[in-house]
Amino acid sequence: MPASGDIAQFGVNPTSGATPVGIDMGSNSGAQSVGAIEVTSARSSTLTIVNSASSTSGTLTLNGATVNGTQNVILRNNSSQLLTLANGLTAALEIVLGNATDNVVAVDGAGGITVSSILSGFGRSLTKAGSGAGFLTLG
């Protein structure tokens, strides 16, 4: 698992778009932090990140990192595929905006970003950036 300032980068792997990437919140007391999540242009299938714990809901704090020369990025999709952050089958995944300066979501490819789980961060700004045609969907 990446550390709180690291970039979790997804390129070609994992290859299946049907099987989500799971974060087992039950194994880390329901909390995980990372600098940013980035999907590179090498990605050729959708990517869904979920809470894979059977009963422990959890929070994924996105602290922000410099990604592709842009500061305070929390999510970046430079692919033609969709990146989704969602609850698991049996446990919730809350996404927390961890950067006090800005929380940048960069869409630099044709693929979009969907956050369908709870998004929180009282008093934190959220900025959509990037030159891509993909959409940012919250809800």
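Which residues does Asn77 touch, not counting residues up to four places away in sequence? Here is the list: Val39, Leu82, Leu83, Ala106, Val107, Asp108, Gly109, Gly111, Gly112 and Ile113. Keep in mind that this is a predicted model.

Let's stay with Asn77 for a moment. Asn77 sits in strand E8, residues 70-77. Is Asn77 buried or exposed? Buried: its relative accessible area is 0%, and the cut-off for buried is under 20%. Now the side chain. A polar atom of the Asn77 side chain lies 2.9 Å from the backbone oxygen of Gly112. Gly112 is also among the residues that Asn77 touches.

On to the strands. Four of them form an open sheet, in the order E3-E6-E10-E13. The pairing is parallel. Which strands stand at the edges? Strand E3, residues 31-34, and strand E13, residues 119-120. Each has a single partner strand, so one side of each is left without a neighbour in the sheet. Take the E13 end. Strand E10, residues 93-97, pairs with E13 in the parallel sense, over two bridges. Ile95 stands opposite Leu119 in E13.

Another pair: E1 and E4. E1 covers residues 7-10, and E4 covers residues 36-39. They pair in the parallel sense over four bridges. Ala8 has Ile37 of E4 as its bridge partner. Look at the side chains along E1, because they alternate. Ala8 and Phe10 point to one face and are buried. Ile7 and Gln9 point to the other face and are not buried.

Next, a loop. Gly64 lies between strand E6, residues 58-62, and strand E7, residues 65-67. Leaving aside neighbours within four places in sequence, what is Gly64 in contact with? Val34, Gly35, Asn72, Val73, Ile74 and Asn99. One pair of numbers to note here: Gly64 and Ala42 are 22 residues apart in sequence, and 22 Å apart in space, C-alpha to C-alpha.

Last topic, the cavity. The count comes to one cavity of 30 Å³ or more. The largest cavity has a volume of about 40 Å³. What lines it? Leu62, Ile74, Leu75, Ile95, Leu97, Val105, Val115, Leu119, Leu126 and Leu138. By class, that lining is 10 nonpolar residues, no polar and no charged. E8 and E10 each supply at least two of the lining residues. Some names come back here. Ile95 and Leu119, which stand opposite each other, are both in the lining. Ile74, a contact of Gly64, is in the lining too.

Technical notes:
Residues are numbered from 1 along each chain as its sequence is written. This is a predicted model: local features need pLDDT of at least 70, side-chain atom pairs count only at pLDDT 80 or more; totals for chains, interfaces and linings use all residues. Side-chain values use heavy atoms; hydrogens and water are left out. Buried means under 20% relative accessible area, exposed over 50%, partly exposed in between (1.4 Å probe, protein chains only). Two strands pair if DSSP finds at least two bridges between them. Contact means heavy atoms within 4.5 Å. A polar contact is a pair of N or O atoms within 3.5 Å; within protein, one must be able to donate a hydrogen and the other to accept it, and residues adjacent in sequence count only if both atoms are side-chain atoms. On a 1 Å grid over the protein atoms alone, a cavity is a set of points where a 1.4 Å probe fits but cannot get out, and a pocket is an open set with protein on both sides within 12 Å along at least five of seven lines; lining residues have an atom within 4 Å of a point. Grid points are joined across faces, edges and corners, and a volume is the space filled by probe spheres set on the points. Ala, Val, Leu, Ile, Met, Phe, Trp, Tyr, Cys and Pro count as nonpolar, Asp, Glu, Lys and Arg as charged, and the others, Gly among them, as polar.
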